Amino acid sequence: MLKNKHIVLGISGGIAAYKSATLVRLLVKRGAEVQVVMTPSGREFITPVTLSALTGKPVITEFFTANTGQWNSHVDLGLWADAMVIAPATACTIAKMATGVADNMLVTTYLSAKAPVFVAPAMDLDMIAHPSTVRNLRTLRSYGNHIIKPAEGELASHLIGKGRMEEPEEIVRVLERFFSSASDLKGKKVMITAGPTYERIDPVRFIGNFSSGKMGYALADEAAARGAEVTLVSGPVSITPSQPGVKVLNVESAREMHDTCQNLFPDTDIAIMCAAVADYAPAQVATHKIKRENQEVPVIELVKNPDIAASLGKIKRHGQMLVGFALETDNEQANAEDKIRRKNLDMIVLNSLRNPGTCFGTDRNKVSIITLDGACTEYPDKSKTEVAHDIIDAIVSRINK
Ligand code: CTP
């Protein structure tokens with residue numbers, strides 16, 4: 001799984017740096033090429049000589065190699081990497097990563113990295129529990145970084161608690177699991193709807209909703225990272241996908257989204273309907289701006305928009321998978337189960353507006369996934385990137401059934 005993978009290993013200055021030698025050994029044994037980048041204080045805990053002997057590559061710690069004047073390019077390194085692992089990640093390095101303080105080679109490389117990033121925190125129990133560390137780790141999660149949770153045990157301070165860097169064997173397992181899932185959608189065509197739709201009233205006004213598109217874009221990135229050919233049918237949003245392979249088709253209204261999806265669906269293996277589609281549109285779109293002085297309070301007559309998910313459910317073939325979302329305020333599960341049947345879905349992702357701090361506009365979501373056979377899995381409150389991972393996992397396990 002790790003054979004020929006390019007791993008940039010960032011080592012910051014914590015006592016757990018002594019475990020980095022074992023980590024390098026395990027990675028190299030599995031056929032990975034490892035390039036170590038250290039912070040200046042990392043060097044105080046383990047010598048670059050040990051690490052360069054194990055990796056067969058000079059360790060990078062400075063922007064320039066002092067005796068030759070050679071510039072160490074963080075950009076090249078960021079592009080070379082198939083994964084960047086920061087182990088140990090101290091509170092200081094995590095804070096710099098969260099806020100973009102690029103004053104050393106490790107953080108600069110992190111900011112340039114296009115590959116997935118894995119962070120293995122290591123610090124004392126009070127430091128890991130401090131609100132600033134909690135917030136910084138949450139920020140890293142929202143960037144899509146994978147946090148390898150620290151373990152419990154005896155710490156360098158001799159206190160017992162949470163904060164120990166995860167063992168090298170477990171870090172390697174996390175990477176292996178990641179790379180094995182990295183191709184589990186290879187050959188699959190995935191269509192995802194995202195964002196709101198805008199239904200025009202006149203040339204300057206529309207009916208819309210608060211959807212930011214973040215959940216749909218996170219799903220598109222996750223599916224693309226796992227090898228799928230992804231088309232994102234997106235309503236008006238102000239974000240872009242992070243994965244370079246995602247094709248975006250921009251639409252404005254529910255009608256446009258419907259027509260685009262109808263065209264794409266016959267050539268799609270998995271459709272995920274994540275958009276917050278407006279259920280109604282004005283019956284007439286005024287060609288000129290509706291003026292305040294000209295009339296009484298206007299009454300806007302509405303007509304029903306097409307139900308995109310239901311219309312795809314009607315033409316779904318054997319082997320195609322249709323996944324919906326349900327946003328509910330009450331009777332959540334019963335309503336979601338009803339939507340599975342009405343729209344001929346295979347799976348529905350239920351989120352409730354009752355969970356504060358999740359859903360519209362935020363980076364977090366708390367969902368349950370309900371399948372056609374009635375099985376319901378509840379997930380804890382997570383970042384939308386992690387939720388996307390869970391949803392794609394659920395889809396993959398259903399495909400492989
Ligand atoms: N959906 C759709 N087209 C619509 C409305 C909804 O494709 N015109 C999709 C959504 O993308 C989502 C699912 O249907 O995957 C459920 O959306 P939701 O708004 O929860 O349900 P509605 O069918 O609109 O029902 P209600 O608003 O009454 O809850």
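Let me start with one residue: leaving out residues up to four places away in sequence, Thr-371 touches Ile-340, Asp-346, Met-347 and Arg-398, where contact means heavy atoms within 4.5 Å. This is a predicted model, in which local features need pLDDT of at least 70 and side-chain atom pairs count only at pLDDT 80 or more, while totals for chains, interfaces and linings use all residues. Residues are numbered from 1 along each chain as its sequence is written, and side-chain values use heavy atoms, with hydrogens and water left out.

Thr-371 sits in strand β19, residues 367-371. Helices (H or I, at least four residues) and strands (E, at least two) are DSSP runs, numbered from the N terminus. Is Thr-371 buried or exposed? Its relative accessibility is 13%, so Thr-371 counts as buried. The cut-offs are under 20% relative accessible area for buried, over 50% for exposed, and partly exposed in between, with a 1.4 Å probe and protein chains only. The side chain of Thr-371 also has a polar contact with the side chain of Asp-373, at 2.5 Å. A polar contact is a pair of N or O atoms within 3.5 Å; within protein, one must be able to donate a hydrogen and the other to accept it, and residues adjacent in sequence count only if both atoms are side-chain atoms.

Now to the partner, Ile-340. Ile-340 belongs to helix α13 and is buried, with a relative accessible area of 3%. Apart from neighbours within four places in sequence, Ile-340 is in contact with Leu-345, Ile-348, Ile-370, Thr-371 and Leu-372. From Ile-340 to Glu-293 there are 47 residues in sequence and 47 Å in space, C-alpha to C-alpha.

Next, the second largest pocket. Its volume is about 980 Å³. On a 1 Å grid over the protein atoms alone, a pocket is an open set of points where a 1.4 Å probe fits, with protein on both sides within 12 Å along at least five of seven lines; lining residues have an atom within 4 Å of a point. Of the 39 lining residues, the closest to the centre are Ala-275, Ala-276, Val-277, Phe-325 and Leu-327. Which element gives the largest share of the lining? That is β16, with four residues. Elements that each supply at least two residues include α10 (214-225), α12 (308-315) and α13 (332-343). By type, the lining has 19 nonpolar, twelve polar and eight charged residues. Here Ala, Val, Leu, Ile, Met, Phe, Trp, Tyr, Cys and Pro count as nonpolar, Asp, Glu, Lys and Arg as charged, and the others, Gly among them, as polar.

On to the ligand. It is surrounded by 14 residues, the closest being Met-273, Ala-275, Phe-325, Lys-339 and Lys-343; the cut-off is a heavy atom within 4 Å. An N or O atom in the side chain of Asp-279 is 3.1 Å from a ligand oxygen. Two backbones also take part: a polar backbone atom of Ala-309 is 2.8 Å from an oxygen atom of the ligand, and a backbone N or O atom of Pro-306 is 2.9 Å from a ligand nitrogen.

One helix elsewhere: in α5, residues 91-99, the buried residues are Ala-91, Thr-93, Ile-94, Lys-96, Met-97 and Ala-98. Their cover includes β3, α6, β4, α7 and α8. After α5 comes Gly-100, with a positive phi near 75°.

Finally, the whole protein. It has 14 helices and 21 strands, and buried residues make up 49% of its 401 residues.

Definitions and conventions
Grid points are joined across faces, edges and corners, and a volume is the space filled by probe spheres set on the points.
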